Amino acid sequence: MLFTTYRVNSFAVASVLKGPLLSFSAFLSNRPGFTHSSHLNMSASSSSCPSSTFKVHQFPCLNDNYGYLIHDETTGATAAIDTPDADAYRRELDRRGWTLTHVINTHHHWDHTGGNLELKKSAGGDAGVKVVGPEAERDKIPGIDMAVGHGDTLAFGGTEAQVIDVGGHTNGHVAYYFPKEGAVFSGDALFALGCGRMFEGTPPQFWK
């Protein structure tokens with residue numbers, strides 16, 4: 001089974017798909033310095049990765065999008081992967097009894113950062129939530145505390161994510177790849193049957 005993404009309107013939805021669909025793991029094989037695993041047991045809503053305390057929760061957000069929460073059971077760390085709707089995220093956090101510690105943005109578009117400040121404020125401000133986003137778009141990421149770029153490693157709970165430049169949809173777009181868990185969050189950069197609209201980048205940039 002290949003972990004990949006497919007598109008529902010303007011948001012990337014994480015899933016596990018069988019068959020020869022385009023996967024992010026295939027993309028990673030062409031990126032120097034990155035190793036990857038192509039196996040992940042994941043349901044359409046919530047799951048734990050194999051041999052891991054890393055949980056992924058997917059839920060409806062806005063009218064036709066999805067939101068993601070990731071949670072490390074050992075440390076209690078919980079991150080929102082992009083924030084299209086603060087109310088939906090708060091509702092899911094309360095439902096699962098998780099406390100938000102991070103917001104991890106893939107790019108600056110409003111439907112990925114619109115809930116940053118509200119979630120940060122409701123979780124105790126700067127002392128409660130760390131907002132992480134792409135270095136090349138740091139001036140456009142509301143409430144950003146930490147900027148990351150291609151090749152950086154982001155510590156989260158008891159694991160780490162590799163930061164990958166996937167610019168094209170926006171110039172500074174990044175993806176977060178968790179090799180230990182075999183999970184990747186690619187925002188609007190890559191889907192199973194295509195990619196996000198090229199708003200800012202160039203065709204050669206997107207191809208790379």
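The following exchange concerns one sheet in a predicted model.

Reader: In what order do the four strands of the open sheet stand?

Author: The sheet is open and its pairing is antiparallel. Strands of a sheet pair through backbone hydrogen bonds, either parallel or antiparallel. Here the four strands follow the order E10-E11-E12-E13.

Reader: Which strands stand at the edges, each with a single partner strand?

Author: A strand with a single partner has one side left without a neighbour in the sheet. This applies to the strand at 153–156 and to the strand at 183–185, so the edges are formed by E10 and E13. From one strand to the next, the twist averages 25°. The edge strands are therefore E10 and E13.

Reader: Which residue of E11 is the bridge partner of phenylalanine 156?

Author: E10 and E11, the latter comprising residues 159–165, pair in the antiparallel sense over four bridges. Threonine 153 has glutamine 162 in E11 as its bridge partner. For phenylalanine 156, the bridge partner in E11 is threonine 159.

Reader: Which residue takes a positive phi in the hairpin of E10 and E11?

Author: The hairpin has two residues between the strands. A positive phi near 55° is found there, and the residue that takes it is glycine 157.

Reader: How many of the seven residues of E11 are buried?

Author: Buried here means under 20% relative accessible area. E11 is largely enclosed by the rest of the structure, because the buried residues among its seven number five.

Reader: What is the bridge partner of aspartate 165 in E12?

Author: E11 and E12 (residues 174–178) run antiparallel and are joined by four bridges. In E12, aspartate 165 has as its bridge partner valine 174.

Note on methods:
Residues are numbered from 1 along each chain as its sequence is written. This is a predicted model: local features need pLDDT of at least 70, side-chain atom pairs count only at pLDDT 80 or more; totals for chains, interfaces and linings use all residues. Side-chain values use heavy atoms; hydrogens and water are left out. Two strands pair if DSSP finds at least two bridges between them. Axes are lines fitted to C-alpha atoms, for helices over the stretch in contact, and angles run from 0 to 180 degrees between N-to-C directions. Buried means under 20% relative accessible area, exposed over 50%, partly exposed in between (1.4 Å probe, protein chains only).
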